[in-house]
Amino acid sequence: IYCVNKDTVIAVGANGYVIRTTNGGNNWDTVFSTTKNHLNKIMFLDDFVGYICGDKGAILRTENSGLTWTNISIFTSLNLLSMSFINQDTGWIVGGNGVCPYHLYDNKGILIKTNDGGRNWLIDTNYNSVISSVCFLNNDTGYITINSQFGNFILKTQNGGLTFDTIQKNTKDLYYYGIYNVKFINPKTGYCLMSANDEGIYKTEDYGKTWNKIIELYYPIVNMDIIDSCNLYFSNWDNTVSNFYSMPFIGINYCEDFQFDQQNLTPFSFDFLTNDYGFSIEDVGSHIYKKDVLNPIREYEYNKIQIFPNPLKDKIFIKQNDLKNHSITLKIYTVLGQLVFQKEYVKISDIETIDLSFLPNGIYTLNTINNNRIIQTNKLIKL
């Protein structure tokens, strides 16, 4: 999940699932993502431009705050687990044959770079370990974390990723989760997570030369979100019980050593703008939590309506399958996210006809909306 700003929040998940709110979580719409691959990470460079990466080389880009996504995937069987962009065009994405977030240890890794917003990629698959996370500060300086049978490493590059030097090594068995979530808040100050018993969250204040443990737990910490130089959230797993879904969710100021929040959630992903404003995804029941507010995600069965012909020339016919007594709204967007058609139906009939002869030839997205939620998305091709 990612907070673009206080109003716009986007979460991604299995089978290409993308869900989006533009009013601070009061309503959520599913968004057509162009892929059925699992999606692992999402990030934005500003209020408009963002990226998603996922399994089997899935990469998506938006230029309209996540309303529509362009598929810029690469051809690979490897999973993309983490990414870092320094501007709208220049970024690095890493992964391997591990699975996010459960299994970051295996024998194949990948690092790719783009200088033109994903139109072209430099691809390096000469890694014999999963690269679990990446963070670049500028075009030259960056960090990656690697998990292998020989240990768990933090590496640093000063030439844009052409070569890396090991700056931290941990030979302790971190097989299940490993070392990941490397993040720098300025060139000197960075954090990473070593997930194992008696490990925790590490911090560097000397450009990555030395790393000191700032939070230590007997139980593995499985995720973290750095708010600022003193405040962060983390979740940990009590691995002494058989129930994996027992994971306290804690907000802590480690500089002054006090805890400002604790929830009995099971979050595998969370993103906070401040200590008091953020969202998390609870794995059990697939709920999204806003700070102190529960918003259940409701899954919808697709193919509520059938559309034909597609490709079309002038008209399309819409046949409803099980929406006869429902009020729906149909909206058609261009690939750039411009709304070009909208019509509301208090009760949709068995077959509706829509004249689209006024539209130029091209590719469009048709959203079917019920109760302020997108329940179906279709691509339209006008010839």
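**Aromatic pairs, a pocket and local backbone features**

At a relative accessibility of 5%, Phe136 counts as buried, because the cut-off for this class is under 20%. This residue belongs to one of the aromatic pairs described below for the structure, which is a predicted model.

A pair of aromatic rings is described by two quantities, the distance of the centres and the angle of the planes. A search of the whole structure finds 15 aromatic pairs. One of them is formed by Phe44 and Trp69, whose ring centres are 6.2 Å apart and whose planes make an angle of 80°, an edge-to-face arrangement. This pair links distant parts of the chain, as the two residues are 25 residues apart. Phe44 is located in strand S5 (residues 39-44), whereas Trp69 is in the loop between strand S7 (59-62) and strand S8 (70-71). Both Phe44 and Trp69 are buried.

The geometry of Trp92 and Phe136 is that of a stacked pair, because the planes of the two rings stand at 0° and their centres are 3.6 Å apart; planes under 30 degrees apart count as stacked. Here, too, distant parts of the chain are linked: Trp92 lies in strand S10 (residues 91-96) and Phe136 in strand S13 (residues 130-136), with their positions 44 residues apart in the numbering. Trp92 has a relative accessibility of 0% and therefore counts as buried. As stated above, Phe136 is buried as well.

Ring pairs also link several residues into a cluster, which comprises Tyr233, Phe249, Phe260, Phe270 and Phe272. A further contact involves a ring and a charge: the charged end of Lys6 sits over the ring of Tyr277, at 5.4 Å from the ring centre.

Empty space in the structure was examined next. Rolling a probe the size of a water molecule over the atoms shows where such space is left. The second largest pocket holds about 510 Å³ of space. Its lining consists of 27 residues, of which Val31, Leu67, Thr68, Thr365 and Asn367 are the closest to the pocket centre. Two or more lining residues are given by each of strand S3 (18-21), strand S4 (29-30), S8, strand S31 (328-334), strand S34 (362-370) and strand S35 (373-382). The largest share, five residues, is that of S34. By class, the lining of this pocket is made up of 13 polar, 10 nonpolar and four charged residues.

Strands S3 and S4, which contribute to this lining, are also members of a sheet. Four strands form this open sheet in the order S1-S2-S3-S4, with antiparallel pairing. Strand S1 (2-3) and S4 each have a single partner strand and stand at the edges, so one side of each is left without a neighbour in the sheet. Strand S2 (residues 9-12) and S3 run antiparallel and are joined by four bridges. Within this pairing, Val9 has Thr21 of S3 as its bridge partner.

A second antiparallel pairing is found between strands S29 and S30, which are likewise joined by four bridges. In this pairing, Ile305 stands opposite Gln320 in S30. The connection from S29 to S30 is a hairpin through six residues. Along S29 the side chains alternate between two faces. Ile305 and Ile307 point to one face and are buried, while Gln306 and Phe308 point to the other and are not buried.

The backbone after Phe308 shows a cis peptide bond, which leads from Phe308 to Pro309 and has omega near -10°. Pro309 is part of the loop between strand S29 (305-308) and strand S30 (315-320). Another cis peptide bond joins Asn310 and Pro311, with omega of about 15°. Pro311 is also placed in the loop between S29 and S30.

Positive phi values were found in residues other than glycine. Ser65, which is not a glycine, has a positive phi of about 65°. This residue lies in the loop between S7 and S8. Its relative accessible area is 11%, so Ser65 is buried. Tyr207, also a residue other than glycine, has a positive phi near 65°. Its location is the loop between strand S19 (200-204) and strand S20 (212-216). With a relative accessible area of 38%, Tyr207 is partly exposed, because this class lies between the cut-offs of 20% and 50%.

Methods:
Residues numbered from 1 in each chain as written. Predicted model: local features only at pLDDT ≥ 70, side-chain atom pairs only at ≥ 80, totals over all residues. Heavy atoms only, no water. Phe/Tyr/Trp six-rings, centres within 6.5 Å; stacked < 30°, edge-to-face > 60°. Buried < 20%, exposed > 50% of the residue type's maximum accessible area, 1.4 Å probe, protein only. Lys NZ or Arg CZ within 6 Å of the ring centre and 35° of its normal. 1 Å grid on protein atoms, 1.4 Å probe; cavity = no way out; pocket = protein on both sides within 12 Å on 5 of 7 lines; lining within 4 Å. Points joined across faces, edges and corners; volume = space filled by probe spheres on them. Nonpolar A, V, L, I, M, F, W, Y, C, P; charged D, E, K, R; others polar. Pairing = 2+ DSSP bridges.
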